[in-house]
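Colleague: Could you take me closely through one part of this model, and then set that part in its surroundings? I would like the reasoning spelled out wherever a residue is put into a class.

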Amino acid sequence: MIAELFYRRQALVLGTLSMIGIVVFWQIAVDTGFINPFFISTPSQVAAEFMAQFEDGSVATNVAATLYCFVWSLGLAAVVGIVLGMLAGWFADVEAALEPFIWFKYSAPTVAFYPLFVAWLGYGTPTIIAIAFLFALTPIYANTLSGIKNTDRDLARAARSFGARPLDIFLRVALPGSVPVMMAGLRLGVGRALTGVVVAELFGANAGLGYAITYYGQLMQTTKMMVSIVIVVVLGVLLTQILSFLESKTDSWRVDSNR
Amino acid sequence: MAQIEIRDLGIDYRKPKSNEVFSAVDSVALSVEKGEFVTIVGSSGCGKSTLLMAVAGLVSLTRGSIEIDGKQVTGPGPDRAVVFQEASLLPWRSVRGNVKFGLEMQRWNGGDLNERAMQMIRLVGLGRFSDYHPHQLSGGMRQRVNIARALAVDPEVLLMDEPFGALDAQTREIMGAELLRIWERAKKTALFVTHDIDEAIFLADKIVVMGRNPGHIKEVIKVDLPRPRNEAILDSDAFHELRKRLRAHLAEDMSSMQLVQEVA
């Protein structure tokens, strides 16, 4: 226990140090003329530019636009993924019927559908949400499916011995037993939804972090572009951490969770 | 009339790959009186668990019949409750939640669920642990919860499938004595499957010895040791005598098993 805590602290310290190290190295490499700032800017310039963009409100505008699409796409993916996953996990026929679509999703890049969505929904928010929805859907669906499908047979049998009906077993055994796996799927879905939003924004949007990245990228304004890249990274880490925390809350009863 | 009446019971399985039919239990006849404690003993693969699961209504019969109080068994029912081997507790529910589970499944309406559950938890001696979760309990404590869950639904017949099989020898002995104490108070008919000879004798009014290929009853032995029993009877002459008899039965089974292995 203490050794574990010590190790976790040590890992935290080392991780922080290596992060700081990279930032310092980045600054020094540019300051000494080793790397041309045109390609990569510097931490101090990015920080200053962040303050500027923060004050003129463009950070808020872009983050709000990205989060708006993120929330919608993740929300839709969660509802559709969990409902379909539950049905497919419980009824083998539904799983078999959905399987080809999952193969497509795994083997074909989702962005390939982008032009199609543009044709249907036009440039902008609806298309971005649709692409990010597809990004996030797979892990949420797949995890829900495997959680329900791998319901502990001993528990199901014990329930049956007390006269449980199939619906009882689904609601009282399969579903609560799947919550941790479903949460893990949602955590993966969060990262993918954010990726989906930013990627779709790169192609066509009026606001958002992905939009800001391409916009300044095309103008060759590296520092301004780096601000949005850093925000995307921080946002991704933050959102995933929130989900990891929620996940740890739901699986405290799991004996095999090594915490 | 006997409470449990098993007549000419046969249970066949189809092996999943070869589609070969294999008989787990054949020509089993057994009657159990109300309030009797019957242990079923035999080496692994003798069909003792299958027999128990059939009485529970969790396995379908190929031949013959099982009656409880004159009623044909066609599936699980509130007149029976099963204590399984370890790990059949819901890990996300507390001790109380687990004991309530059987009552919830049976849509019990005999009063307050919590109160009923607490009563059973106290009966098995876990009063202080009602809010603990299974992973916080020892193997012996988990099996107490399992027993409390089965007793909570107030069954006529208590079916136990090697409930102490995963416990160490000492805990197993303590749990055996504890089970007798509970059983003497609850006055249930009990069917108890085990492969442990001492356990089979210590608990039983009647021992059913089963043999393999296919699973059948070799002998039914009356146990006339006085009740209430405690660990002291383990050293009595009558106990030694019974142990010798059971050993001989199981040794016979083991040697025929070795023969099969040698031929194969």
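**Two glutamates and the aromatic residues around them**

Modeller: The part I would look at begins with B:Glu178, which lies in helix H5 of chain B, a helix that runs over residues 169–186. Please keep in mind throughout that this is a predicted model. B:Glu178 has a relative accessible area of 16%, and therefore counts as buried, since the limit for that class is under 20%. Leaving aside residues up to four places away in sequence, B:Glu178 touches B:Val124 and B:Arg144.

A second glutamate, B:Glu199, is found in helix H6 of chain B, which covers residues 197–203. With a relative accessible area of 7%, B:Glu199 is buried as well. The side chain of B:Glu199 makes a polar contact of 2.7 Å with the side chain of B:Thr194. When residues up to four places away in sequence are not counted, B:Glu199 touches B:Phe164, B:Arg172, B:Phe192 and B:Thr194.

Two of those neighbours lead on to the aromatic residues, for B:Phe164 and B:Phe192 form one aromatic cluster together with B:Phe37 and B:Trp183. B:Trp183 also has a charged partner: the charged end of B:Lys187 sits over the ring of B:Trp183, at 4.8 Å from its centre.

Over all chains, the structure holds 13 aromatic pairs. One of them joins A:Phe38 and A:Phe39, whose ring centres are 5.6 Å apart and whose planes stand at 70°, so this pair is edge-to-face, the class for planes over 60 degrees apart. A:Phe38 is partly exposed because its relative accessibility is 41%, whereas A:Phe39, with a relative accessible area of 62%, is exposed. In chain B, the rings of B:Tyr13 and B:Phe22 have centres 6.4 Å apart and planes at 15°, and the pair is therefore stacked. B:Tyr13 counts as partly exposed at 35% relative accessibility, and B:Phe22 counts as partly exposed at 37%.

As for the chain that holds the two glutamates, the secondary structure of chain B comes to seven helices and ten strands. For 264 residues, a compact globule would have a radius of gyration near 18 Å, and the 19 Å of chain B agrees with that. The C-alpha trace of chain B spans about 55 × 45 × 40 Å along its principal axes, and 55% of the 264 residues of chain B count as buried. Among the contacts in chain B with a separation of 6 or more, 70% come from residues 24 or more positions apart. The accessible surface of chain B is about 11900 Å², and carbon and sulfur atoms account for 49% of it.

Chain B also serves as cover for a helix of the other chain. In helix H8 of chain A, residues 153–161, the buried residues are A:Leu155, A:Ala156, A:Ala158, A:Ala159 and A:Ser161. Their cover includes helix H9 (166–203) of chain A and, from chain B, strand E6 (80–83), helix H2 (95–105) and helix H4 (139–152). At the N-terminal end of H8(A), A:Asp152 acts as a cap, with a side-chain oxygen 2.9 Å from the backbone nitrogen of A:Asp154. After H8(A) comes A:Gly163, whose phi is positive, near 85°.

Terms used:
Residues are numbered from 1 along each chain as its sequence is written. Chains are lettered from A and ligands numbered from 1 in the order in which they are written. This is a predicted model: local features need pLDDT of at least 70, side-chain atom pairs count only at pLDDT 80 or more; totals for chains, interfaces and linings use all residues. Side-chain values use heavy atoms; hydrogens and water are left out. Rings of Phe, Tyr and Trp (its six-membered ring) pair if their centres lie within 6.5 Å; planes under 30 degrees apart count as stacked, over 60 as edge-to-face and the rest as tilted. Buried means under 20% relative accessible area, exposed over 50%, partly exposed in between (1.4 Å probe, protein chains only). A charge sits over a ring if NZ of Lys or CZ of Arg is within 6 Å of the ring centre and within 35 degrees of the ring normal. Helices (H or I, at least four residues) and strands (E, at least two) are DSSP runs, numbered from the N terminus. The radius of gyration is taken over C-alpha atoms; the globule rule is 2.2 Å times the number of residues to the power 0.38. Contact means heavy atoms within 4.5 Å. Accessible areas come from the Shrake-Rupley method with a 1.4 Å probe; for residues, only the protein chains shown count as cover. A polar contact is a pair of N or O atoms within 3.5 Å; within protein, one must be able to donate a hydrogen and the other to accept it, and residues adjacent in sequence count only if both atoms are side-chain atoms.
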